[in-house]
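User: Could you pick one part of this model and take a close look at how it sits against its neighbours? After that, please walk me through the rest of the chain.

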Amino acid sequence: MPPAGALARLMRSLRCLPGVGPKSAQRMTFHLLQRDRAGARQLAESLLHALDAIGHCAQCRTLTEGELCPLCASPRRERSLLCVVETPAEAQAIEQATAFRGLFFVLNGRLSPLDGIGPAELRLDLLERRLQSGEIAEIILATNTTVEGEATAHYIHEMAQRHGITATRLAYGMPLGGELEYVDSATLSHAFNGRKVF
Ligand code: ZN
């Protein structure tokens, strides 16, 4: 019979984390309750605080505490270059691996009609407004090379074309079907610098 009550609830909750199955959730639960109750309390408080304090940047949709994220608010970034990525983690990976000085737009997903994720869910209306503003000269499509990632890149490419903006796509070096976040920085840097016109 599966365990009931608060213990079972905690185990089930921990399984929302990526890569955590029933065994790991059980191990974490016993660790937190038996060995590190102070750490457990801190974890719970940090989670609640982060959920209240962190939202999406009004301009690029990455995770941030303020209205604008530090990159969008910085006067030192090249505002004519816009790099489109699927997740905040991927924006960070490009930021750390390359010398990119432009701005990002974070989709927080990819087009996936079967899952009910369309242009509205990715806030492509915000992106279109950026393209309309006339300040973007090049849009870099750094979505993943999965089927949905490619479809998303094509969709945004057509949007860019309507506004006469050059769209580039990350080039060689990226593993097909791979996720940007997990690529080593040398490969990512190579692919980023070797991007070509879509
Ligand atoms: Zn931002």
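Analyst: Let's start at the N-terminal end, where the buried residues of H1 pack against helix H2 (22–35); contact here means heavy atoms within 4.5 Å. This is a predicted model, so local features need pLDDT of at least 70 and side-chain atom pairs count only at pLDDT 80 or more, while totals for chains, interfaces and linings use all residues. Residues are numbered from 1 along each chain as its sequence is written, and side-chain values use heavy atoms, with hydrogens and water left out.

Helix H1 covers residues 5–14, and its buried residues are Ala8, Met11 and Leu14. Buried means under 20% relative accessible area, exposed means over 50%, and partly exposed is anything in between (1.4 Å probe, protein chains only). Looking down the axis of H1, those buried residues fall within an arc of 125°, so they line one face of the helix; the arc is taken from the directions from the helix axis to the C-beta atoms. Gly5, Ala6, Arg9 and Arg12 are exposed on the other side of H1.

Zooming out, the chain has eight helices and seven strands. These are DSSP runs numbered from the N terminus: H or I with at least four residues for helices, E with at least two for strands. The C-alpha atoms fill a box of roughly 60 × 35 × 35 Å along the principal axes. The chain splits into domain 1 (5–46) and domain 2 (56–169), with bounds from an automatic or database domain assignment. The C-alpha centres of the two domains are 35 Å apart. Of the 198 residues in the chain, 39% are buried. Among contacts with a separation of 6 or more, 56% are between residues 24 or more positions apart.

On to the cores. The largest nonpolar core has 20 residues, and Val84, Leu127, Ile139 and Ile156 have the most contacts inside it. A nonpolar core is a set of buried Ala, Val, Leu, Ile, Met, Phe, Trp, Tyr and Cys residues joined through side-chain atoms within 4.5 Å. At least two residues of this core come from each of strand S3 (81–85), strand S4 (103–106), helix H6 (124–132), strand S5 (138–141) and helix H7 (147–162). Leaving aside residues up to four places away in sequence, Leu127 touches Leu82, Val84, Phe105, Ile139, Ile156 and Met159. There's also a second, separate core of 17 residues, which includes Ala93, Ala142, Leu180 and Phe192.

Phe192 turns up again in helix H8 (residues 185–193), whose buried residues are Leu188, Ser189, Ala191 and Phe192. They cover an arc of only 165° around the axis, which puts them on the same side of H8. Ala186 and Asn193 are exposed on the other side of H8. The cover over the buried residues of H8 includes S3, helix H5 (88–97) and S5.

Leu180 also has a polar partner: its backbone nitrogen lies 2.6 Å from a polar atom of the Asn144 side chain. Asn144 is in the loop between S5 and H7 and is buried, with a relative accessible area of 1%. Beyond its neighbours up to four places away in sequence, Asn144 touches Glu86, Glu90, Gly149, Glu150, Arg169, Gly178, Glu179 and Leu180.

The loop between S4 and H6 is worth a look too. Ser112 sits there and counts as buried at 7% relative accessibility. Its side chain makes a 2.6 Å polar contact with that of Asp115; a polar contact is a pair of N or O atoms within 3.5 Å where, within protein, one must be able to donate a hydrogen and the other to accept it, and residues adjacent in sequence count only if both atoms are side-chain atoms. Further along the sequence than four places, Ser112 touches Ile117 and Glu148. Asn108 lies in that loop, as does Arg123. Neither is a glycine, yet Asn108 has a positive phi of about 55° and Arg123 has one of about 55°. Asn108 is partly exposed at 34%, and Arg123 is partly exposed at 27%.

Last, the cysteines. Cys57 is buried at 0% relative accessibility, and Cys60 is buried at 3%. A search of the whole structure finds zero disulfides, a disulfide being a pair of cysteine sulfur atoms within 2.5 Å.
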